[in-house]
Amino acid sequence: MKDYALEYIQKLLSIPSPTGFTRAATDYLMETLQNLGFSPVRALKGGVSCELGGEGNGLMLSAHVDTLGAMVRSVKGNGRIRYTHVGGWQDATVETENCLVHTRDGRTYSATVQSTKASQHVYPGMGAEARGEETLEIVLDEPVKTAQDVENLGIETGCYVSWDPRTVLTESGYLKSRHLDDKASAGVLLALARMVAEKKITLKRRVCILFTVFEEVGHGCSMNLPEGIEDMLVVDMGCVGDDLKCDETMVSICVKDSAGPYHYEFTSELIAAAKANGIDYAADVYPSYSSDSATALKAGNDVRFALIGPGVFASHGYERTHVKGIDNTCKLLLTQV
């Protein structure tokens, strides 16, 4: 299952999908699931759901394929672009990043995020300046010198900007990329679907998978879950950092985040399953984190809810996980289906 997951993760990472601009990613999900013999459904809102089979005691597995990104806020008189955030990220993490600007008529242009005082030889004090929407700008790889030049390319307010993921899988097993949150977990769910389709596992219960597309802005799963769903297991990134036990090689089980504690009994079952099966895990509290379970509960769904995922270092920046973390997530997920 791990190898399937890595295949799908790397493909998903190659598809730009900042929140609100996810059609290409969900097209890929629809096509992949249909080719596996399933009948996925795309909601009007844009998310994709799919019944994998099984009977009784319904389990919903959720991941999201929308990512951080930006949008054109305005075009400056000199042809540079001012951006606005899509999702919650720090400006310093994108300085000198390559990116793409996507027009509403389907054109794509390469560009780079640069400081408004980008040259050390011209602005010796550039390093002391705070990074933000006022001091960073998008520089197109086109011969533009005026706002009209940019508008002639079809670029205007509201066009999307996606970051170059810079995906690298090292010989030592580290997977480095932007948007491992949450395409690493989305790839795990596709791998599970493939295992079911190829009859490599037999489901012990009814299992549905859900890919949401507005998680990064806080309303990914604000919807009614299918009737008969009793458990909702969100598969999202595990945090790595100060005061946390998880690292990139482990599967993280979140016991509490900014929205409050996760369902005690369900979370306890996951911890017990990890121990019983020798799965390398960590149970952690994420103080600055929220997931699709919070929006599902606010929408009125009466379900048990929990969260697992591979450990991800440098979240909302240039992220890193490990194939062992993906493997441990797959193993723990299999204990639940």
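Here is a friendly chat between a biologist and a modeller about a predicted model.

Biologist: Let's begin with charged side chains. Why is the meeting of Glu-137 and Arg-80 called a salt bridge?

Modeller: The N to O distance between their side chains is 2.9 Å. A salt bridge needs a side-chain nitrogen of Lys or Arg within 4 Å of a carboxyl oxygen of Asp or Glu, so the pair qualifies. In general, side chains of opposite charge can pair when their charged atoms come close. The structure holds 20 salt bridges.

Biologist: Where do Glu-137 and Arg-80 sit in the chain?

Modeller: Glu-137 is in strand E8, and Arg-80 is in the loop between strands E4 and E5. They are 57 residues apart, and the pair links distant parts of the chain.

Biologist: How do you know whether Glu-137 is buried or exposed?

Modeller: Its relative accessible area is 3%. Buried means under 20%, so Glu-137 counts as buried. Arg-80 has 31%, which lies between the 20% and 50% limits, so Arg-80 is partly exposed.

Biologist: What makes Arg-166 and Glu-97 a salt bridge?

Modeller: Their side chains meet at 2.9 Å, N to O, and the limit is 4 Å, so the name fits. Arg-166 lies in the loop between E9 and E10, while Glu-97 lies in the loop between E5 and E6, so the pair ties together parts that are 69 residues apart in sequence. Glu-97 is buried at 5%, whereas Arg-166 is partly exposed at 35%.

Biologist: Why is Asp-105, the partner of Arg-107, called exposed?

Modeller: Asp-105 has a relative accessible area of 52%, and exposed means over 50%, so Asp-105 passes that limit. Arg-107, at 33%, is partly exposed. The closest N and O atoms of this salt bridge are 2.7 Å apart.

Biologist: Which residues are linked in a network of salt bridges?

Modeller: Glu-7, Arg-194, Glu-198 and Lys-200 are linked in that way.

Biologist: Now for the strands. What makes E11 and E19 a pair?

Modeller: They are joined by four bridges in the antiparallel sense. Pairing takes at least two bridges, so E11 and E19 count as paired. One of the bridges has Ser-177 facing its partner Glu-319 in E19.

Biologist: Why are E10 and E19 called edge strands?

Modeller: The open sheet has three strands in the order E10-E11-E19, with antiparallel pairing. E10 and E19 each pair on one side only, and they are the edge strands.

Biologist: Which helices lie against these strands?

Modeller: Helix H4 lies across E11 and E19, running at about 30° to E19. Helix H7 packs on the sheet and touches E10, E11 and E19, with its direction at about 65° to that of E19.

Biologist: Why is H4 called oblique to H7?

Modeller: Their axes cross at roughly 50° and come within 10 Å. An angle under 35 degrees would be roughly parallel, and 65 to 115 would be roughly perpendicular; the value falls between those ranges, so H4 is oblique to H7. The crossing is right-handed. Residues making the contact include Val-188 and Leu-192 of H4 and Ile-326 and Cys-330 of H7.

Biologist: How do you know whether Ser-185 is buried or exposed?

Modeller: Ser-185 lies in helix H4. Its relative accessibility is 1%, and the limit for buried is under 20%, so Ser-185 is buried. Leaving aside neighbours within four places in sequence, its contacts include Ala-63, Val-235 and Pro-310.

Biologist: What makes the bond between Asp-181 and Asp-182 stand out?

Modeller: The peptide bond joining Asp-181 and Asp-182 is cis, with omega of about 10°. As a general rule, most peptide bonds are trans. Asp-182 is found in helix H4.

Biologist: And what is special about phi in Lys-199?

Modeller: Lys-199 has a positive phi of about 60° although it is not a glycine. Most residues other than glycine have a negative phi. Lys-199 lies in the loop between H4 and E12, and at 73%, over the 50% limit, Lys-199 counts as exposed. Asp-243 also has a positive phi, near 70°. Asp-243 is found in the loop between E14 and E15, and its 74% relative accessibility makes Asp-243 exposed.

Terms used
Residues are numbered from 1 along each chain as its sequence is written. This is a predicted model: local features need pLDDT of at least 70, side-chain atom pairs count only at pLDDT 80 or more; totals for chains, interfaces and linings use all residues. Side-chain values use heavy atoms; hydrogens and water are left out. Buried means under 20% relative accessible area, exposed over 50%, partly exposed in between (1.4 Å probe, protein chains only). Contact means heavy atoms within 4.5 Å. Axes are lines fitted to C-alpha atoms, for helices over the stretch in contact, and angles run from 0 to 180 degrees between N-to-C directions. Angles under 35 degrees count as roughly parallel, over 145 as roughly antiparallel, 65 to 115 as roughly perpendicular and the rest as oblique. A crossing is left-handed if the near helix is turned anticlockwise from the far one by less than a right angle, and right-handed if clockwise.
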